[in-house]
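Biologist: Hi! Could you walk me through this one?
Modeller: Sure, let's have a look together.

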Amino acid sequence: MQFTVRCTIAYLCAGIVSLLSVAPSRGDECVSMKRDRHRTLMEEYRHSPNWDGFLTEDTLNLRQNETEVDLSRQGFKEVHWHLSSIVGDGYEIFELNLAFNNLEELNELTFLKFYSLETLNLSNNRLQTISNLTFGSLIRLVELDLSFNLIHTLERQAFDRLYALESLSLRENCLVTLAPNQFHFNDHLSSVLLDHNQLAFLPPILFDPITMVDEIYELDLSDNNFRRMPYIETKEIALLKIDNNHIETLTVNKSFNVRALQIQHNNIYDADLFKFNRAEHIDLSHNNLDNIVGLHEMNQLEYLDLSSNNVSKFDYNLKYSIRNIPSLVTLRLQNCSLSEHNIGGLLASDSILNLDLSQNNFVRLNVSDLSRMRSLQYLSLNFNYLRELISYERLGHEFPFLELVSLSFNRWNCTYYDQLNAYLNRTHIRSTSDPRDCYINGTHVTDSYVTDAFEPQYTMNHIKRDMTVLRNLGRNTIYFMYALFSTIRGQGNETALHQQRLDGQLHDLERDVDRLLGMLAFLVAIFAAVLFVAVVYGGWRLVRKWQHDRTVKVVTYNKRANEFSNGVTVNDVIRDNSTA
């Protein structure tokens, strides 16, 4: 146990040292190459008025409380730090698309108040680093797309606060490795796409298998620089893609809970499948397999692809394993250097329904070599060198469930091929082959002599032709319905937009009318107030005059009598004058 731990630690240290030595040059080369690709791609949008501009609140210009904002293909170079201030209380953005821009950096204030954001697309930019607080406030984010950037560094806590994250795409970046516990707090994560990076090493603990809500549906590590099979501890991985790497040995130290493993197009020469005993789908095609062990313990395996490997190097293990896999349904052995000399006794199974032996070296195949697969329903022998199918008269007996056989692109003699097709037409076995795909005197002809004895008027070719017509008709109908639906939806959206515009204009008109009425009422009120003040002032003046005339007395002097008369008021004088 201690020796194993020491070996593991030594391997980790060696891997880290090697990464530190090669990562800078490899990362710089990747960044330079993908920067040039991005520059070429963005030339199409250089005419944008926002090219190399700032994304500000004025540019965003939120109208009518939009919840889905598309700012892609604009060429923005930077996001203003004050952008989040426009998202106020009561306003929510659920989807934000910033793809196909020139963004190079994001900070902790960029998405500070986007609390309701569920989908964020930042693909096809120039981002190089994701810091710990860049997405710190996006606690409801479900889907994050960072693909096609220049990202070479992910800080350890870059995704720690994305508690609702389900889908993360980091495709086509320049990542060399990930930090331990990189996705420790992403308990709902179901899809992680890391293909087309520079990954050569992964820490075993990226997720928290205890708190994860569900399985990881897809983990894509294809087109990287792995030379050993990475082990990732998690609850379960439904689909693990690690094709197009440089892996030479398929082996892990612990049980790997993977349901579907695609590890084709590597350099694997030794495959140890004992730790993958729960897998249901394994694709090991296009490798250099010399040895494969552990197949016989895979009791849940349904699909196995060993195409483009030399099966003769491990035919004994394969012979023993296939007959002990009770659930195997599909076996693909394309281009495996099989011939009538090494096929005998190799294939024996009561569960296999689909068998692909195309692109091999068969010239004369005996039906009895496959007779131990009585459950077979589909058999492909395309692209061989077949001239004879020995004992083909026993096909119906040896394979009572066989429904379809493919025999195209071989070296059939036309006379023999006509007889073979005549037999198949009399049985329950259908053929996808063209009866004219044969040779006369070594020359391939397009129309061999076919007698009415075995070719009915309505052949499989006619069925295929009619099915093609129906399929095309159905496809065209779907396209027409989709176009009609799109047109109706577009017209409906345009009508709704026009109605909204008219409603806005009517609202503005009502507001202007209300403003005019208010101004008129204000003027009337001012005129009434002035009139009232004038009336009051006039009345006051009349009262004062009346009071003055009542109090003022007129005194007369009689010179003859040398005396003054008693004073009378002006009102008395006026009254006397009016009486007179």
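**Strands and disulfides**

Modeller: Let's start with strands S11 (residues 216-220) and S12, which run parallel and are joined by 4 bridges. Two strands pair if DSSP finds at least two bridges between them. Helices (H or I, at least four residues) and strands (E, at least two) are DSSP runs, numbered from the N terminus.

Biologist: Is this a predicted model, and what does that change?
Modeller: This is a predicted model, where local features need pLDDT of at least 70 and side-chain atom pairs count only at pLDDT 80 or more, while totals for chains, interfaces and linings use all residues. Residues are numbered from 1 along each chain as its sequence is written, and side-chain values use heavy atoms, with hydrogens and water left out.

Biologist: Back to S12: which residue stands opposite Leu239?
Modeller: Glu218 does.

Biologist: And how many bridges pair S12 with S14?
Modeller: There are 4, again in the parallel sense, and S14 covers residues 258-262. Here Ile237 stands opposite Val258 in S14.

Biologist: How many residues of S12 are buried?
Modeller: In S12 (residues 237-241), 4 of the 5 residues are buried, so the strand is mostly covered. Buried means under 20% relative accessible area, exposed over 50%, and partly exposed in between (1.4 Å probe, protein chains only).

Biologist: New topic! How many disulfides are there?
Modeller: The structure holds 2 disulfides. A disulfide is a pair of cysteine sulfur atoms within 2.5 Å.

Biologist: Okay, which cysteine is joined to Cys30?
Modeller: Cys174, with an S to S distance of 2.1 Å. Cys30 lies in helix H1 (residues 2-42) and Cys174 in the loop between strand S9 (167-169) and strand S10 (191-193), so the pair ties together parts that are 144 residues apart in sequence.

Biologist: Is that disulfide left-handed or right-handed?
Modeller: The torsion about the S-S bond of Cys30 and Cys174 is about -85°, so this disulfide is left-handed. Both cysteines are buried.

Biologist: What about Cys414, where is its partner?
Modeller: Cys414 is joined to Cys438, with S to S at 2.1 Å. Cys414 sits in helix H5 (residues 414-425) and Cys438 in strand S26 (residues 438-440), so they tie together parts that are 24 residues apart in sequence. With 90° about the S-S bond, the link is right-handed.

Biologist: Are Cys414 and Cys438 buried or exposed?
Modeller: Both are buried.

Biologist: Last one: why does Cys336 count as buried?
Modeller: Because Cys336 has 0% relative accessibility.
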